[in-house]
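Trainee: Before I use these coordinates for anything, could we go through them together, with the reasoning spelled out at each step?

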Amino acid sequence: MDKSKRLFLKSKRSFRRRLPPIGSGDRIDYKNMSLISRFISEQGKILSRRLNRLTLKQQRLITIAIKQARILSSLPFLNNEKQFEKTELTARTTTTSLKKKKIELLFN
């Protein structure tokens, strides 16, 4: 085989197509929480189209559905449970330390 012809031959790699994340029967709607939750990160951010493997139209519809669900309080705007727990713990410790100080001042 000539070198010039060999350059144009493609290597035959096995190619496995992934299933689309949204099936043909799935409705993109703000009420469909099981579908919407797949496209949100742990922090509550909307994942990008590249990560989701969605078409432009599907990504637009998902974004609109997520925003509607947030407005109707079905979804939180931010998912900061860990941060909330930390602030709650610090608030508890500061209130208990303040109470102890007040008690010490009263009895001294």
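Trainee: Where along the chain is Phe77 placed, and is its side chain buried or exposed?
Mentor: In this predicted model, Phe77 sits in the loop between α4 and α5 (81-107). Its relative accessible area is 54%, and since exposed means over 50%, Phe77 counts as exposed.

Trainee: Which residues make the nonpolar surface patch, and what is its area?
Mentor: Phe77, the exposed loop residue, is one of the members, and the others are Ile71, Leu72 and Leu78. Ile71 also appears among the exposed residues on the face of α4 turned away from its buried side. Together the four residues make a nonpolar patch of about 480 Å².

Trainee: What arc do the buried residues of α4 cover around the axis?
Mentor: The buried residues of this helix are Gln59, Ile62, Thr63, Ala65, Ile66, Ala69 and Arg70. They lie on the same side of α4, because the arc they cover around the axis is only 165°.

Trainee: How far does α4 reach from its first C-alpha to its last, and what is expected?
Mentor: With 16 residues, and at 1.5 Å a residue, α4 would be expected to span 22 Å. The computed reach is close to that expectation, at 23 Å.

Trainee: How many salt bridges does a search of the whole structure find, and which residues form them?
Mentor: The search finds two. In one of them Asp29 pairs with Lys31, whose relative accessible area of 59% makes this lysine exposed, and the closest N and O atoms of that pair are 4.0 Å apart. The other, with an N to O distance of 3.9 Å, joins the side chains of Arg38 and Asp26.

Trainee: Which parts of the chain does the pair of Arg38 and Asp26 link?
Mentor: Both residues are partly exposed, with relative accessible areas of 45% for Arg38 and 36% for Asp26. They are 12 residues apart and link distant parts of the chain: Asp26 lies in the loop between α1 (3-6) and α2 (33-36), and Arg38 in the loop between α2 and α3 (49-52).

Trainee: Where is confidence lowest, and where is it highest?
Mentor: Over the chain the mean pLDDT is 78, and 63% of the residues reach 70 or more. Where pLDDT is low, the predicted coordinates should not be read in detail. The lowest confidence is found in α1, at a mean of 60, whereas the highest, at 94, belongs to helix α4.

Conventions
Residues are numbered from 1 along each chain as its sequence is written. This is a predicted model: local features need pLDDT of at least 70, side-chain atom pairs count only at pLDDT 80 or more; totals for chains, interfaces and linings use all residues. Side-chain values use heavy atoms; hydrogens and water are left out. Helices (H or I, at least four residues) and strands (E, at least two) are DSSP runs, numbered from the N terminus. Buried means under 20% relative accessible area, exposed over 50%, partly exposed in between (1.4 Å probe, protein chains only). pLDDT is the predictor's confidence in each residue, from 0 to 100. Patches are made of residues with over 30% relative accessible area and no salt bridge: like charges are joined within 9 Å, nonpolar side chains (Val, Leu, Ile, Met, Phe, Trp, Tyr) within 5 Å. Accessible areas come from the Shrake-Rupley method with a 1.4 Å probe; for residues, only the protein chains shown count as cover. The expected span of a helix is 1.5 Å times one less than its number of residues. The arc is that of the directions from the helix axis to the C-beta atoms.
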